Amino acid sequence: MTILKMRKADVIVIGGGITGMMTAWNLADAGRDVVLLESGELGAQASGANAGSLHLQIQYPEFAKFGEDWARDYGPCLGFLKDSLALWQDLSRRTGEDLGVKMGGGIVVAQTGAEMALIAAKARIEAKHGVETQVLDRAALFEIAPYLSDAAIGGGYCAMEGKANTLRVTPAIQACIERAGVHILRDCAATALEAVHGGYCVTTPQGQFQAPKVVNAAGASAGKIAAMLGLQIDIDGFPLQVTATEPVAPLIPHLIYSAAGKLSLKQAPNGGCIIGGGWPAARRGDGSLATDPVSLTGNMAMAAGVVPRVGQMRALRSWTAWVNGTPDWRPILGELPGATGFYLALFPWVGFSGAPMTAKVTAELVLDQRDTASLKGVSVLAD
Ligand SMILES: Cc1cc2nc3c(=O)[nH]c(=O)nc-3n(C[C@H](O)[C@H](O)[C@H](O)COP(=O)(O)OP(=O)(O)OC[C@H]3O[C@@H](n4cnc5c(N)ncnc54)[C@H](O)[C@@H]3O)c2cc1C
């Protein structure tokens, strides 16, 4: 019989993406002994592979698909995201690294009157939750974004949105949590989780870990962690892809979306354009991901339809990753009913944008500085 060694901690965080790392960092700064378990490398999943958009406004494709009632239910999440973007603006200072955080504003570009009407309806709901989206006519749009296609007739401009340099963010946070004294275990997947007297025991290939409190920050795999306790949460993984172009001279200071379909487009500090917006990646027979050529051409055509100059840029590379998604886009945050001391830190779809606030709130919950009910309207667990 193998005897696994046991280590005790104040808190065990499962998942070393941006959310788990920042949660661990906040807890270590508050003096807690934190063990962070990561099945692979830190920041190597969605948190290190995303498109770097700092989103705030309600995503247009979902608004068009789910409608105003859905948007009203989602509305309280806007305040949460707004607070998160404020934390993003302090993250370069906090990490001591230039993370490329720039809040140049985001524009949903419309090419039809029907799209303009939806943008205006969306802006009215956003305004109720403290997010200002200006509805721009053609002249106002081209004044701030002369690089757009002539087909644009207007758009929705949210000045509070922006971008960050994904490649820099998780390595910088990793250095901070190492300095903060978080006990990090890489290649250390949680394979079993059970409630024990006084908390939880997590089994890994590197031994067992026990703590009164556990944070599930496993992103797209969070449902599997909850299932280890016999609990079900409505989160899943969805394969996405993003493409980067060759560098070009500065052209696009904004985060660009299209009302015609799925698109996020921005220019990175090196001049390359990062093009995504939720296009699906393909799955190989063994379950691993591959770039889907149909998504690649569709995504590039969508980008070139909005910013014609993109049509002359060569795509350098595309990559894939699993995003954590919930059906109604709302996050799952807080202590899971029926599992005292087991916390979920799951901000779906735009979880890079939401991570600093998700981590702050999760640490406060774990430290008993707030309760899950304070997230009413935001987290499905609080309603
Ligand atoms: C291609 C793509 C583009 C995106 N673009 C954007 C964007 O532009 N803006 C934005 O805001 N969001 C974007 N997102 C979403 C965003 O990246 C994610 O929502 C966010 O990174 C989730 O962070 P996380 O830390 O919760 O999860 P993850 O980064 O997925 O981290 C979870 C970690 O848990 C680990 N793990 C899993 N199972 C176990 C286990 N059993 N034991 C231990 N560890 C485990 C994983 O290895 C992983 O490192 C994008 C996502 C993708 C995939």
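This passage looks at the ligand site of a predicted model and at one of its sheets.

The ligand sits among 38 surrounding residues, and the closest of these are Glu38, Ser47, Ser53, Asn324 and Ser353. Sorted by type, the shell around the ligand comes out as 21 nonpolar, 16 polar and 1 charged. Several polar atoms of the protein line up with ligand oxygens. A side-chain N or O atom of asparagine 324 is 2.7 Å from an oxygen atom of the ligand. The backbone joins in too: a polar backbone atom of threonine 19 lies 3.1 Å from a ligand oxygen, and for a backbone N or O atom of glycine 52 the distance is 3.3 Å. On its own the ligand has 1000 Å² of accessible area, and the protein covers 94% of that.

As for where the shell comes from, two or more residues are supplied by each of helix H1 (18-29), helix H2 (46-49), strand E14 (236-245), strand E20 (315-325) and helix H12 (351-366). E20 gives the largest share, with 4 residues. Domain 1 (6-48 + 168-235 + 328-382) and domain 2 (103-161 + 236-325) each put at least three residues into the shell.

E14 and E20 also turn up in an open sheet of 8 strands, ordered E6-E7-E5-E15-E16-E17-E14-E20 with mixed pairing. Strand E6 (134-137) and E20 are the edge strands, each with a single partner, so one side of each has no neighbour in the sheet. Ignoring direction, neighbouring strands are turned by 25° against each other on average. Further in, strands E5 (residues 106-110) and E15 (residues 255-258) run parallel and are joined by 4 bridges; here valine 109 faces serine 258 of E15.

Technical notes
Residues are numbered from 1 along each chain as its sequence is written. This is a predicted model: local features need pLDDT of at least 70, side-chain atom pairs count only at pLDDT 80 or more; totals for chains, interfaces and linings use all residues. Side-chain values use heavy atoms; hydrogens and water are left out. A residue is near a molecule or strand if one of its heavy atoms lies within 4 Å of it. A polar contact is a pair of N or O atoms within 3.5 Å; within protein, one must be able to donate a hydrogen and the other to accept it, and residues adjacent in sequence count only if both atoms are side-chain atoms. Accessible areas come from the Shrake-Rupley method with a 1.4 Å probe; for residues, only the protein chains shown count as cover. Ala, Val, Leu, Ile, Met, Phe, Trp, Tyr, Cys and Pro count as nonpolar, Asp, Glu, Lys and Arg as charged, and the others, Gly among them, as polar. Domain bounds come from an automatic or database domain assignment. Two strands pair if DSSP finds at least two bridges between them. Axes are lines fitted to C-alpha atoms, for helices over the stretch in contact, and angles run from 0 to 180 degrees between N-to-C directions.
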